[in-house]
Amino acid sequence: MRAWFSLRNSRPYHRPLERGAASELGVGALLFLLGVLVLTDALTLDADVAGRGPVGPATVPVVVGCGLLVVAVLLTADVLRGGRGEAEGGEDVDLTEPADWRTVLLLAGVFLAFAVLIGPLGFPVAGALLFWGAAYALGSRHLHRDPLIAAGLSLLTYVVFDKLLGVPLPGGPLMGVI
């Protein structure tokens, strides 16, 4: 067990944080803030307990929020005691290569475009653009095949969620056709 106090002068033993500890502490802080946000949102839900029974819409968010807080505290305590996450050891990752920011930015743009277009165009069209754009950003260059697969996948997803599962998705201009 590590000594937390120096025996000479009864001052707390201070050890400089190792390299990478700041980012791990940042993850702990982010998890803590996310847990507080989830709990705050869950506890301010307007739900009638008598109408829904003992397990209402706030139950799962409260459990998730408490779990986030517990993980944040445990991670922070571990980092402050000198624990570090294990470095990436996968065979398919070359840690000497820089990040591929072009792909990351393309994917972010595709998701942002999907969020903007889902309202006016509906899920089938916006989803097809999302699937095709993601395939393009990740390196597929089949210009005839990819849009067809994306459209089929988007329509299948729309039908399964909207028609079979009853989860309403915006249909957009194709609402009367599908």
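**In what order do the elements of the protein chain run from the N terminus on?** They run α-α-α-α-α-α. This is a predicted model, and the views below take us from the whole chain to a single residue.

**Figure 1. The protein chain is built with six helices and zero strands.** The chain holds 178 residues, and buried residues make up 20% of them. Its accessible surface comes to about 13100 Å², with 69% of that area belonging to carbon and sulfur atoms. Now think about contacts between residues with a separation of 6 or more: 57% of these join residues 24 or more positions apart.

**Figure 2. Helix α1 packs against helix α3.** Look for residues 21-43, which form α1, and residues 59-80, which form α3. The two axes lie 8 Å apart, and the helices pack at an angle of about 160°. Angles over 145 degrees count as roughly antiparallel, and α1 and α3 are therefore roughly antiparallel to each other. Their crossing is left-handed. What kinds of residues make up the contact of α1 with α3? There are 21 nonpolar residues, four polar ones and one charged one.

**Figure 3. Helix α5 crosses helix α6.** Here α5 covers residues 123-137, while α6 covers residues 145-164. The axes of these two helices come within 8 Å and cross at roughly 135°. That angle makes α5 oblique to α6. Is the crossing left-handed or right-handed? Here α5 passes α6 in a right-handed crossing.

**Figure 4. A closer view shows the residues where α5 and α6 meet.** On the α5 side, you can find F123, P124, G127, A128, F131, W132 and A135. They meet D146, P147, A150, A151, L153, S154, L155, T157 and Y158 on the α6 side. Sorted by class, this contact has twelve nonpolar residues, three polar ones and one charged one.

**Figure 5. The last close-up visits S154, a residue of helix α6.** Is S154 buried or exposed? Its relative accessible area is 0%. Buried means under 20% relative accessible area, so S154 is buried. Which residues does S154 touch, not counting those up to four places away in sequence? The answer is F123, P124, G127, A128 and F131. You have already met these names: F123, P124, G127, A128 and F131 are among the α5 residues that meet α6.

Notes
Residues numbered from 1 in each chain as written. Predicted model: local features only at pLDDT ≥ 70, side-chain atom pairs only at ≥ 80, totals over all residues. Heavy atoms only, no water. Axes fitted to C-alpha atoms, helices over the stretch in contact; angles between N-to-C directions. Helix = DSSP H or I, 4+ residues; strand = E, 2+ residues; numbered from the N terminus. Parallel < 35°, antiparallel > 145°, perpendicular 65-115°, else oblique. Left-handed = near helix turned anticlockwise from the far one by under 90°. Nonpolar A, V, L, I, M, F, W, Y, C, P; charged D, E, K, R; others polar. Buried < 20%, exposed > 50% of the residue type's maximum accessible area, 1.4 Å probe, protein only. Contact = heavy atoms within 4.5 Å. Areas by Shrake-Rupley, 256 points an atom, 1.4 Å probe, with all protein chains shown as cover.
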